[in-house]
Amino acid sequence: MRRFNHVIVRRPCKAMVEGITSGLYPGSPEYELALDQHDAYIEALKKCDVDVTILPPDEEYPDSCFVEDPAVLTEKCAIITNPGATSRNGETHSIEETIRKFYPEERIEHICDPGTLEGGDVMMCGDHFYVGRSERTNEEGIRQFADILGKYGYSCSEVKLEEVLHLKTGVNYLENNNLLVSGEFIHKPEFQNYDRYIIPDEEAYAANCIWVNGKVIVPEGYPAVLEAVQTMGYDTIVVDTSEFRKLDGGLSCLSLRF
Ligand code: CIR
């Protein structure tokens with residue numbers, strides 16, 4: 001059974017109002033409210049029996065609270081990614097500094113140009129990793145990622161994205177073979193053998209729930225998904241993410257869990 005001991009988060013910065021957005025969820029984030037929601041997110045994580053490292057805001061990078069994207073952390077190695085979004089690419093430097101406190105030098109790997117990859121495109125299911133080929137994660141990035149994982153005895157397969165930003169925007173693994181799946185991922189053959197909950201279109205955003213040590217954190221405002229996750233037998237914690245949603249960010253994007 002997987003267990004996470006650590007979580008890294010970064011406080012939202014004032015510049016988050018200039019973060020990247022598809023406009024799918026309209027409006028500009030309200031900074032004070034985002035801070036309150038981030039506080040509640042940290043409290044929820046603390047209830048999941050992990051230690052939480054809280055990094056200060058980084059005004060240089062409007063999207064820097066979405067710490068999931070510049071790194072992928074596994075039990076055996078840390079992989080510093082190479083974000084495909086230009087305005088986010090430099091987020092890797094400061095996250096690497098933090099990661100060095102947890103992983104020895106020889107277990108820190110890097111995705112390099114011309115490869116790009118963002119952590120939101122990576123879904124870990126046991127020792128297998130699904131990687132979304134998206135506008136942020138390219139073929140060469142996936143090739144490098146698969147090579148790195150192979151060195152540590154992990155496997156990896158590509159999932160082609162057509163519509164959503166990142167793989168985990170639409171599909172998330174809750175351990176115990178349970179998968180939340182929405183939209184373009186419902187008919188993907190690679191996910192048919194999981195115990196799937198098919199997310200109704202109007203609750204698509206809530207495909208992005210996170211499992212942390214037996215509990216599942218669910219975004220506020222999605223009753224069908226909440227009920228489904230509870231029916232699967234999980235304790236749930238609900239957190240409002242409205243201000244991050246305006247930037248296409250969800251629960252998984254806001255932390256690195258390892
Ligand atoms: C971006 O477009 O990069 C941010 N506004 C949202 C990132 C969300 N991250 C994620 O899904 N892992």
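These legends walk you through a few close-up views of a predicted model.

**View 1. The ligand and the residues around it.** Welcome to the ligand, which has 14 residues around it. Those that come nearest are Ile20, Asp63, Glu68, His166 and Leu247. By type, the shell divides into six charged, five nonpolar and three polar residues.

**View 2. Polar atoms beside the ligand.** Here you can look at individual atom pairs. A polar backbone atom of Ile20 is 2.8 Å from a nitrogen atom of the ligand. Glu68 places a polar side-chain atom 2.8 Å from a ligand nitrogen atom. For His166, a polar side-chain atom lies 2.8 Å from an oxygen atom of the ligand. Of the 350 Å² of accessible area that the ligand has on its own, the protein covers 99%.

**View 3. The cavity that holds the ligand.** The ligand takes up the space of the second largest cavity, which contains about 90 Å³. Among the residues lining this cavity are Ile20, Asp63, His166 and Leu247, along with Arg88, Arg136 and Cys253. The lining divides into five nonpolar, five charged and two polar residues.

**View 4. The largest cavity.** Three cavities of 30 Å³ or more turn up in the whole structure, and the largest holds about 330 Å³ of space. Its lining is made of 22 residues, with Phe4, Glu68, Met124, Lys168 and Arg257 closest to the centre. Strands that give two or more residues to this lining include E3 (71-73), E6 (122-125) and E9 (171-173); E12 (210-212) and E15 (256-257) do so too. In the lining of the largest cavity, 13 residues are nonpolar, five charged and four polar.

Terms used
Residues numbered from 1 in each chain as written. Predicted model: local features only at pLDDT ≥ 70, side-chain atom pairs only at ≥ 80, totals over all residues. Heavy atoms only, no water. Near = heavy atom within 4 Å. Polar contact = N/O pair within 3.5 Å; in protein donor to acceptor, adjacent residues only side chain to side chain. Areas by Shrake-Rupley, 256 points an atom, 1.4 Å probe, with all protein chains shown as cover. 1 Å grid on protein atoms, 1.4 Å probe; cavity = no way out; pocket = protein on both sides within 12 Å on 5 of 7 lines; lining within 4 Å. Sits in = over half its atoms within 2 Å of the grid points. Nonpolar A, V, L, I, M, F, W, Y, C, P; charged D, E, K, R; others polar. Points joined across faces, edges and corners; volume = space filled by probe spheres on them. Helix = DSSP H or I, 4+ residues; strand = E, 2+ residues; numbered from the N terminus.
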